Amino acid sequence: MEQEKVEVLKGTLDMLILKVVAFGPIHGYAISQRIQQISRDFFQVPEGSLYPALHRLEDRGWLQAKWQETETGREAKFYTLTRAGRKRLSAEMVNWERLSEAVALILSTAE
Amino acid sequence: MTGWLRRLFHKRVTEERLDAELRFHLEQRVKDFIASGLSPAEARRRANLRFGGLEQVKENCREARFEHYIHDLLHDIQYAFRSLYKDRRFAFVAVLALALGIGATTVTFSVLYNVVVDPFPYRDFQHAVVVDLHDLAAPPHDIARYHYTIPEFLAIRDQNRVFDDIVGNYQLNVLYRDGKGTRRFLGGYVTTNGFSFLGVPPLLGRYFAPGDGKPGTPYVFMMNYRLWQTEFQGNPKIMGQTFILNGKPRTLIGIMPQRFNGYGSSLWLPLDLGLGAEGTVFPVKDPDVIWVCARLRKGVSLQAAAADVDAILHRLAQANPGELYPQRFKIVVRTLLDFVVGDFKETLYALLAAVSMLLLIACGNVANLLLARASVREREIAVRASLGASRGRLIRQLLGESVLLAGAACFAGCLLAYFGLKGLVAIIPRGPIPEETVIGLNPAVLLFALGTAVLTTLICGLAPALHAVRGNLSLRMFGSGKGTAGGFHHGKLRSGLVIAEVALSIVLLTGAGLMMRGFFALTHVELGFDPARTLYARVTRAADFYDNAAPSELEVPGKKALFFEQVRKRVQALPGVLTAAISLDFPPLGGAGSEITVSGKPSQQWESMVDLCSETYFQTLGLRLLRGRLLSESDIDSARHVAVVNQAFVRTYFGSEDPLSQKIKFNVFDQLPETPHGAYFEVVGVITDFKNRGLVAPVRPEAFLPHSITGFDDRMIMATTAVEPKSLLPSVQREVWAVDSNAAVTHSGSIKDFLAEEAYIQPRFSLITISAFAGMGLALVLIGIFSVMAYHVALRTQEIGLRMALGAQHGSVVAMVLWQGLRLICLGILIGVLVTAGLVHFLAGQIAGVSVTDPLTCGVVVIVFLGVGLAACLQPARRAARFDPLIALRYE
């Protein structure tokens with residue numbers, strides 16, 4: 001908790017959300033927890049960015065939402081990936097790999 | 001993807017769901033904090049802190065969604081509504097102009113759609129075709145015949161490879177005798193597949209089945225809805241009853257529904273083409289009477305079908321050369337729709353073109369009004385731009401106004417169309433319109449109206465909107481919006497629009513003017529007699545002419561002549577009748593046609609019309625004798641072979657030779673039963689020409705023979721009357737029955753009514769509609785010129801004030817403004833006249849009898865327009881002259 005948390009890089013939040021949702025139906029709170037956990041508490045997703053992003057992705061047809069009961073018996077909005085969303089995710093991952101390779105290359109040779 | 005629509009309309013549910021989702025998140029966070037050891041109060045405080053502003057997050061979520069744009073749009077429209085409400089007069093004029101345009105277009109389109117696109121209730125009628133035979137030596141649009149002999153029909157039916165189904169039918173008079181007397185209905189023999197072909201189930205009973213009409217089967221028939229209603233008061237008990245039709249007892253097996261007019265008859269008899277079947281024996285051998293309707297096989301083109309039938313008929317022509325076939329002929333296959341609607345389609349397309357011009361004028365008007373508004377609002381737009389409104393948002397806001405205007409106009413236009421259609425249906429000619437057609441507003445038509453509204457929005461709204469936001473918006477803050485006349489070249493666009501409106505209106509007015517002249521000419525064709533005081537009544541007696549009549553039962557010439565002479569004398573004796581006559585047909589339609597041979601001249605392809613008349617015919621129709629003598633009573637009594645001819649006959653065939661005592665043979669008589677075969681008729685007199693081939697076509701050669709020479713065909717009783725002819729019709733009917741109760745009057749009325757129904761109704765329809773459009777167009781242009789000039793004067797208030805302060809007279813100010821308006825009008829007129837000249841060829845087909853480059857019409861239109869245009873400029877000009885220079889200069 002003491003460690004300083006970094007906000008997700010602009011433009012990559014969509015990709016991270018799609019990746020996390022790809023594992024199966026999941027609600028908003030769990031998405032933010034999952035991103036934080038997997039990144040070993042490196043990323044913290046602020047709610048102010050998470051929910052508009054979820055609604056935008058749903059509007060574009062990449063996510064699908066459904067109200068379901070959680071394990072504790074509460075109603076929550078669960079997101080799943082659509083076929084179009086899966087395509088989008090793989091496209092973004094390819095882009096990201098290229099970008100990070102390019103950045104790594106520049107950083108390793110610049111000095 | 002349609003989720004956004006649902007969300008738009010269930011805003012409350014959407015909001016509740018958003019709230020629930022975010023609250024769930026918060027509560028989970030609180031739970032987790034409590035689990036990590038915090039007190040509930042502290043956990044809630046920290047969770048809230050971390051979440052940030054709930055409302056802000058919600059707003060961001062809403063903006064991420066599509067319906068957000070719709071909300072913006074609704075907002076824009078709300079704004080547009082407010083700003084239009086502030087300028088109600090403008091809004092009213094604009095909506096009225098557009099509503100007129102949309103309404104008139106919708107009316108025209110609905111007629112076009114209902115008549116040309118979807119007139120029939122029949123199964124797959126788009127593939128129903130008819131077969132025409134064209135003589136290659138004749139002009140391309142003349143159809144030699146579209147009726148075929150029974151052997152021809154059987155050959156086409158059995159040998160073709162292009163039709164799925166084929167129906168043959170022919171019409172005949174059916175005489176029905178009840179207690180009162182004999183009446184005639186239009187009947188039709190139809191092959192038994194004729195009703196399944198059209199696919200409309202009968203209202204009552206059944207329709208023909210294979211086997212009906214075969215020799216030895218009971219006689220049956222079917223009836224249409226109208227006959228059932230008018231003659232039998234819609235009584236369903238008549239089903240299965242037996243009626244005496246053409247002398248035979250027949251059982252009624254079915255009644256067709258109201259919207260069915262297959263084969264154009266009131267009742268139908270089954271036609272089985274097997275040997276000895278009813279309706280297949282004729283007094284002449286194999287007459288061409290069968291009208292063919294077929295359904296094209298899937299994927300077969302009209303051309304391919306024509307080629308197939310062409311080959312069949314050419315084989316027949318080779319095997320049996322003769323009168324039936326022209327030397328060189330070809331077969332043309334066209335759709336049933338084309339056959340029924342024919343040329344009227346072109347009239348409708350011309351109307352649609354005219355009404356589109358009207359719509360364009362309306363659009364031009366509204367665009368002009370919007371432009372004027374936009375330039376007054378320049379500063380407001382500049383302020384909005386500087387406060388951060390994007391160009392797109394500004395355009396959207398300006399378009400919002402036109403969306404609103406077009407929406408209101410669309411609604412008002414549909415209302416106008418609803419009432420307009422009622423008026424139009426009342427004047428539309430029933431002839432070229434299929435009887436099954438129902439003209440009214442339907443979804444397709446309403447969709448069209450909506451489409452027009454969208455289009456008008458774009459045309460009227462987009463140009464002014466783009467115009468308003470072009471260039472450097474912030475600079476305009478310093479302009480005043482007024483007082484800088486034409487500073488932003490707005491003037492040019494607006495003037496251009498006015499010029500275009502004037503030009504379009506000139507085209508419409510000239511078209512209407514030409515039609516008016518044409519119609520006037522048509523209704524004032526010199527007939528030589530008064531059609532309002534001339535009665536006609538066709539009398540049919542040879543009931544069984546086409547119906548298995550043995551030749552011996554046919555009329556003996558003398559007997560028939562006697563019957564008609566008796567009827568004529570009785571009609572002549574009626575009070576109110578001046579003279580009565582017998583003829584084959586009446587002018588301007590003339591008699592039958594025949595090839596002729598003139599004795600002593602080489603045989604050529606000469607033709608003449610033939611009429612069979614009583615000696616009173618000439619007096620009844622007021623025809624003057626030029627040479628020789630007229631037919632006499634003794635010519636009729638002894639059926640002498642003499643002829644009276646008209647001037648056209650003499651001009652065409654004898655030139656300067658003396659026509660009297662020339663001998664003529666009418667070849668048509670050689671082919672008919674009970675006519676004098678090989679007889680030559682001596683010319684005894686020449687009479688004046690009168691219209692005998694319709695009102696428009698030039699007079700054709702015609703010969704008049706004593707009606708007593710043959711018993712063939714029906715006769716017409718004609719009479720000139722001192723009273724309204726219609727009032728005499730019951731008496732005429734009574735006199736006919738008094739002579740022979742087996743005879744029936746088939747058509748009757750006054751010639752004036754006949755002409756109104758047959759000859760005038762189509763041009764009248766075009767005339768009324770085009771004139772209405774032209775009138776509306778003129779009114780719209782008036783408003784257009786007026787608003788532009790008024791706006792123009794308002795813009796130049798300062799300048800005019802300055803001029804007057806410097807000593808300009810009132811008169812010169814008025815002249816200046818008028819001159820400015822006149823320049824626009826004159827330019828528009830010039831363009832309009834040029835465009836009209838370019839459209840001459842198109843118009844030529846629409847207007848009969850008047851030269852399309854009629855200078856008189858053109859001149860009148862131009863003068864009317866100049867007058868009206870100047871009147872529209874006058875009020876703004878006088879207003880300009882009334883400006884008080886001091887106030888005008890202090891303005892701003």
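Which residue forms a salt bridge with Glu735(B)? The legends below start with that pair and then visit other corners of this predicted model.

**View 1. Glu735(B) and Arg570(B) meet in a salt bridge.** The partner of Glu735(B) is Arg570(B), and their closest N and O atoms lie 2.8 Å apart. Glu735(B) belongs to helix H22 (residues 729-739) of chain B, while Arg570(B) sits in helix H17 (residues 557-572) of chain B, so this pair ties together parts that are 165 residues apart in sequence. Have a look at the surroundings of each side chain too. Glu735(B) counts as buried, at 14% relative accessibility, whereas Arg570(B) is partly exposed, with a relative accessible area of 39%.

**View 2. Arg145(B) and Glu152(B) form a salt bridge between buried residues.** The closest N and O atoms of this pair are 2.8 Å apart. Glu152(B) has a relative accessibility of 1%, and Arg145(B) has one of 9%. Both values fall under the 20% cut-off, and therefore both residues count as buried.

**View 3. Arg629(B) reaches Asp635(B) through a salt bridge.** Here the N to O distance between the side chains is 2.8 Å. The two ends have their own settings: Asp635(B) is buried, with a relative accessible area of 0%, and Arg629(B) is partly exposed at 34%.

**View 4. Four charged residues of chain B share a network of salt bridges.** The members to pick out are Asp19(B), Arg23(B), Glu55(B) and Lys58(B). Side chains of opposite charge can pair when their charged atoms come close. For the wider picture, a search of the whole structure finds 38 salt bridges over all chains.

**View 5. Strand E5 of chain A pairs with E2(A) and with E4(A).** E5(A) covers residues 75-81 and is mostly covered, with five of its seven residues buried. On one pairing, strand E2 (residues 26-27) of chain A is joined to E5(A) by two bridges, and the strands run antiparallel. His27(A) is found opposite Phe78(A) of E5(A) in that pairing. Strand E4 (residues 63-69) of chain A also runs antiparallel to E5(A), this time with seven bridges between them. To follow that contact residue by residue, start at Gln68(A), whose bridge partner in E5(A) is Ala76(A).

**View 6. Gly73(A) takes a positive phi in the hairpin of E4(A) and E5(A).** Five residues lie between the two strands of this hairpin. The phi angle of Gly73(A) is near 85 degrees.

**View 7. Helices H25 and H27 of chain B cross each other.** Two packed helices are described by the angle between their axes and the distance between the axes. H25(B) spans residues 810-838 and H27(B) spans residues 855-882. Their axes come within 8 Å and cross at roughly 150 degrees. That angle is over 145 degrees, so the helices are roughly antiparallel to each other. The crossing is right-handed.

**View 8. Cys61(B) and Cys613(B) are buried cysteines in a structure with zero disulfides.** Cys61(B) has a relative accessible area of 1%, and Cys613(B) is at 0% relative accessibility. How many disulfides does the structure hold over all chains? The count is zero. For reference, a disulfide is a covalent bond between the sulfur atoms of two cysteines.

Terms used:
Residues numbered from 1 in each chain as written. Chains lettered and ligands numbered in written order. Predicted model: local features only at pLDDT ≥ 70, side-chain atom pairs only at ≥ 80, totals over all residues. Heavy atoms only, no water. Disulfide = S-S within 2.5 Å. Buried < 20%, exposed > 50% of the residue type's maximum accessible area, 1.4 Å probe, protein only. Helix = DSSP H or I, 4+ residues; strand = E, 2+ residues; numbered from the N terminus. Pairing = 2+ DSSP bridges. Axes fitted to C-alpha atoms, helices over the stretch in contact; angles between N-to-C directions. Parallel < 35°, antiparallel > 145°, perpendicular 65-115°, else oblique. Left-handed = near helix turned anticlockwise from the far one by under 90°.
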